[in-house]
Protein chains: 2
Amino acid sequence: MTHQTVGHPPGLPDDPRAHVTEPTPSCPVEITLEALRGRWTTLVIRELLQGERTYTDLRQALPALSDKVLSDRLAHLARSNVVHRERHPGWPPRTHYTLTPQGHRLAPVLQALWDWASDNHQPPNPPHRTDQRT
Amino acid sequence: MTHQTVGHPPGLPDDPRAHVTEPTPSCPVEITLEALRGRWTTLVIRELLQGERTYTDLRQALPALSDKVLSDRLAHLARSNVVHRERHPGWPPRTHYTLTPQGHRLAPVLQALWDWASDNHQPPNPPHRTDQRT
DNA sequence: CTGAATCCCTGCCGATACTG
DNA sequence: CAGTATCGGCAGGGATTCAG
């Protein structure tokens, strides 16, 4: 039958979530994509993979990222148990962000994402141009 | 060195794209996420990982997916060189979709996405409720 | 310094209807 | 059968402003 595709690594074979017929929050793939969702998210994670960062550190590392979106991303990543927020009392106020253990475990995921496109020497085709108003 | 994080497989160490300070189409991570972008996308890929499928096969496998979105996803995946479209002449018209070699190489990526959330026994925290007007 | 609140604009997604 | 055309609703994300 021509398709040995992927074999069946642990997790996939008879897990009911591998057979859902619509996008559902219980599917692990959806959960991870949800954690990574949003523009800038992976770049924030990349910074934190290098070690602890303060709010200002992140702003400086990603200058084009607005306060609102940075806050949103950090809040989202905190809710997803990817980052840990630690407020320091005193003045000036400082907040330190670090990856949780789960956050560190995103490294292989990002690596996989990197590798797929990196091994691809064939670039994507140009977009279809039906009407596309830029 | 505090950051062996992921080791340094080919691609990451001194690649300039690993240091971009804003989301850019040249970053391999962005490219892959772009290929996977959109609701239903990963489910369509999952179906095709099992082998060739026709348009109708996909509709039946994912009943809640509308024609428009299915067409959109397939077109998008074709542009991303993930799927190959093969029209069969004659009547009734049949179109067969298969994964390209690059498409098959998404299997480890999806596996990584699956594994991350699958190994996570700690569920995400409930959303912050400040005022949220339903 | 570290964020949260507001406003606006754009792009996605779903439903429906129509064509080769 | 295999799509495309069109429309409407809604959520994402950027700029700016305000607060602890």
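Contact here means heavy atoms within 4.5 Å. With that cut-off in hand, let's walk through this predicted model, starting in chain A.

A:Asp67 sits in helix H4, which covers residues 67-79 of chain A. Leaving out residues up to four places away in sequence, A:Asp67 touches A:Tyr55 and A:Arg59. Its relative accessible area is 36%, so A:Asp67 counts as partly exposed.

Now compare A:Thr32, which belongs to helix H1 (residues 28-36) of chain A. Is A:Thr32 buried or exposed? With a relative accessible area of 0%, A:Thr32 is buried. Its contacts beyond four places in sequence come from both chains: A:Leu106 and A:Val109, plus B:Leu113, B:Trp116 and B:Ala117. From A:Thr32 to A:Asp67 the C-alpha to C-alpha distance is 24 Å, with their positions 35 residues apart in sequence.

Over in chain B, there is an open, antiparallel sheet of three strands, ordered S1-S3-S2. S1 (53-54) and S2 (83-88) are the edge strands; each has a single partner, so one side of each has no neighbour in the sheet. S1(B) is joined to S3 (residues 94-99) of chain B by two bridges, and one bridge pair is B:Thr54 with B:His96 in S3(B). Helix H2 (residues 41-49) of chain B lies across S1, S2 and S3, at about 90° to S3(B).

In the loop between S3 and helix H5 (101-104) of chain B you'll find B:Thr100. B:Thr100 is buried, at 15% relative accessible area. Setting aside neighbours within four places in sequence, B:Thr100 contacts B:Asn81, B:Val82, B:Val83 and B:His84.

Then there's the DNA. Of the 21 residues around DNA strand C, those that come nearest are A:Thr56, A:Tyr97, B:Arg39, B:Lys68 and B:Arg73. On the DNA side, sugar and phosphate make up 67% of the strand C atoms that come within 4 Å of the protein. Here are some polar contacts with DNA strand C:

| Protein atom | DNA strand C atom | Distance |
|---|---|---|
| A:Pro93, backbone N or O | sugar or linking oxygen | 3.0 Å |
| A:Tyr97, polar side-chain atom | phosphate oxygen | 2.5 Å |
| B:Lys68, polar side-chain atom | base oxygen | 3.4 Å |

Which elements give two or more residues to the surface near DNA strand C? They are helix H3 (55-61), H4, strand S2 (83-88) and strand S3 (94-99) of chain A, together with helix H4 (67-79) of chain B. By residue type, that surface near DNA strand C has ten charged, seven nonpolar and four polar residues.

Terms used
Residues numbered from 1 in each chain as written. Chains lettered and ligands numbered in written order. Predicted model: local features only at pLDDT ≥ 70, side-chain atom pairs only at ≥ 80, totals over all residues. Heavy atoms only, no water. Helix = DSSP H or I, 4+ residues; strand = E, 2+ residues; numbered from the N terminus. Buried < 20%, exposed > 50% of the residue type's maximum accessible area, 1.4 Å probe, protein only. Pairing = 2+ DSSP bridges. Axes fitted to C-alpha atoms, helices over the stretch in contact; angles between N-to-C directions. Near = heavy atom within 4 Å. Polar contact = N/O pair within 3.5 Å; in protein donor to acceptor, adjacent residues only side chain to side chain. Nonpolar A, V, L, I, M, F, W, Y, C, P; charged D, E, K, R; others polar.
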